[in-house]
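Good morning, everyone. Please bring up the structure on your screens, and let's walk through it together.

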Amino acid sequence: MQTNATYTSFVAIGDSFTEGMSDRLPDGSYRGWADLLAARMAARTPGFRYANLAVRGKLIGQIVAEQVDVAAAMQPDVITLVGGLNDTLRPKCDMGRVTGLLEEAVERLAPACKQLVLMRSPGRQGPVLARFRPRMEELFACVDDLASRHGALVVDLYGAPSLGDPRMWDVDRLHLTGEGHRRVAEAVWQTLGYDAEDADWRTPMPPSPPPGWGARRTADARFARQYLLPWIARRLTGRSSGDGRPAKRADLLPYETPGA
């Protein structure tokens, strides 16, 4: 790994995690760790270029079919690939197919950039993580193996105590808050060889009193009504939250801070 690295371009591919949900800006759009990372890199490198091809709800097969070749053709210095977690959350998931597609993606992306970055995605502590942990850990074992074989870097978010804290997650329990995305950006920043701006990003938040029974039940009911039931409905009808959505930032263009 380089130290005090200099990269001139960055392409991010993946699903809602890389699109930036739920780091919501005042205008209702999403920022997220990839935008934060690009802003930092651009501040160091005049003319820095950035594209973000991520679309919420995408499965690994869709990422491979719709984003991988586009990213490879851009020939950027850095490509980040995070995908497969949506597959692991499906009731029926062929992990052999998922890991095979991830391997296909890595084989096509690694030669197309100076540095490929993979991730062990964060997981919110709770019953959902406990239920799907074996699939997630199988996916992450594949990530580690592919990284070692293709010279990719791995950002271990799954092993970071801070990102398991429910307070780092939005009310939908699937996406990080702005603070969670900030910590992910810091993790990738350091993994790429830049000097740490927050050496303690892994450190958990200070403890706080747990919410009472009534508050937990109210939160559970809101979660079920606003997020769980619509998610189940989309699964039953074969729809996705990303259907018809374009890439977040489809072209590899000079990055400018919003409002600058």
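Let's begin with one residue, Thr177. Set aside its neighbours within four places in sequence, and Thr177 is in contact with Arg167, Met168, Trp169 and Asp170. Keep in mind that this is a predicted model. Where does Thr177 sit? It is found in the loop between H7 and helix H8, and H8 covers residues 178-191. Is Thr177 buried or exposed? Its relative accessibility is 18%, so Thr177 counts as buried. The cut-off for buried is under 20%. Now look at Arg24. In sequence, Thr177 and Arg24 are 153 residues apart. In space, their C-alpha atoms are 8.3 Å apart.

Next, Ser162. This residue belongs to helix H7, residues 161-164. Its relative accessibility is 0%, so Ser162 counts as buried too. What does Ser162 touch, not counting residues up to four places away in sequence? The list is Met168, Arg183, Trp201, Arg202, Thr203 and Pro204. Met168 should sound familiar: Thr177 is also in contact with Met168.

Now step back to the whole protein. It has nine helices and six strands. There are 260 residues, and 48% of them count as buried. Take the contacts with a separation of 6 or more. Of these, 77% come from residues 24 or more positions apart. The protein exposes about 12,400 Å². Carbon and sulfur atoms supply 54% of that area.

On to the sheet. In what order do the six strands lie? Read across: S5-S4-S3-S1-S2-S6. The sheet is open, and its pairing is mixed. S5 and strand S6, residues 249-254, stand at the edges. Each has a single partner strand, so one side of each is left without a neighbour in the sheet. From one strand to the next, the twist averages 15°.

Stay at the S5 edge. Strand S4, residues 115-120, pairs with S5 in the parallel sense, over four bridges. Let's look at who faces whom. Met119 stands opposite Val155 in S5. Val117 has Leu153 of S5 as its bridge partner. Which S5 side chains point to the buried face? S5 runs over residues 153-156, and its side chains alternate. Leu153 and Val155 point to one face and are buried. Val154 and Asp156 point to the other face and are not buried.

Now the helices that lie across the sheet. H3 lies across strand S1 (9-14), strand S2 (49-52), strand S3 (78-82) and S6. H3 runs at about 175° to S1. H5 lies across S1, S3 and S4, and runs at about 175° to S3.

How do we describe two packed helices? We use the angle between their axes and the distance between the axes. Try that on H3, residues 60-74, and H5, residues 95-109. Their axes come within 10 Å and cross at roughly 0°. Angles under 35 degrees count as roughly parallel. H3 and H5 are therefore roughly parallel to each other.

Which residues make that contact? From H3, we have Ile60, Gly61, Val64, Val68, Asp69, Ala71 and Ala72. From H5, we have Val98, Leu101, Leu102, Glu104, Ala105, Arg108 and Leu109. By type, the residues of this contact divide into ten nonpolar, one polar and three charged.

That's the tour. Questions, please.

How values were computed: Residues numbered from 1 in each chain as written. Predicted model: local features only at pLDDT ≥ 70, side-chain atom pairs only at ≥ 80, totals over all residues. Heavy atoms only, no water. Axes fitted to C-alpha atoms, helices over the stretch in contact; angles between N-to-C directions. Helix = DSSP H or I, 4+ residues; strand = E, 2+ residues; numbered from the N terminus. Parallel < 35°, antiparallel > 145°, perpendicular 65-115°, else oblique. Contact = heavy atoms within 4.5 Å. Nonpolar A, V, L, I, M, F, W, Y, C, P; charged D, E, K, R; others polar. Buried < 20%, exposed > 50% of the residue type's maximum accessible area, 1.4 Å probe, protein only. Pairing = 2+ DSSP bridges. Areas by Shrake-Rupley, 256 points an atom, 1.4 Å probe, with all protein chains shown as cover.
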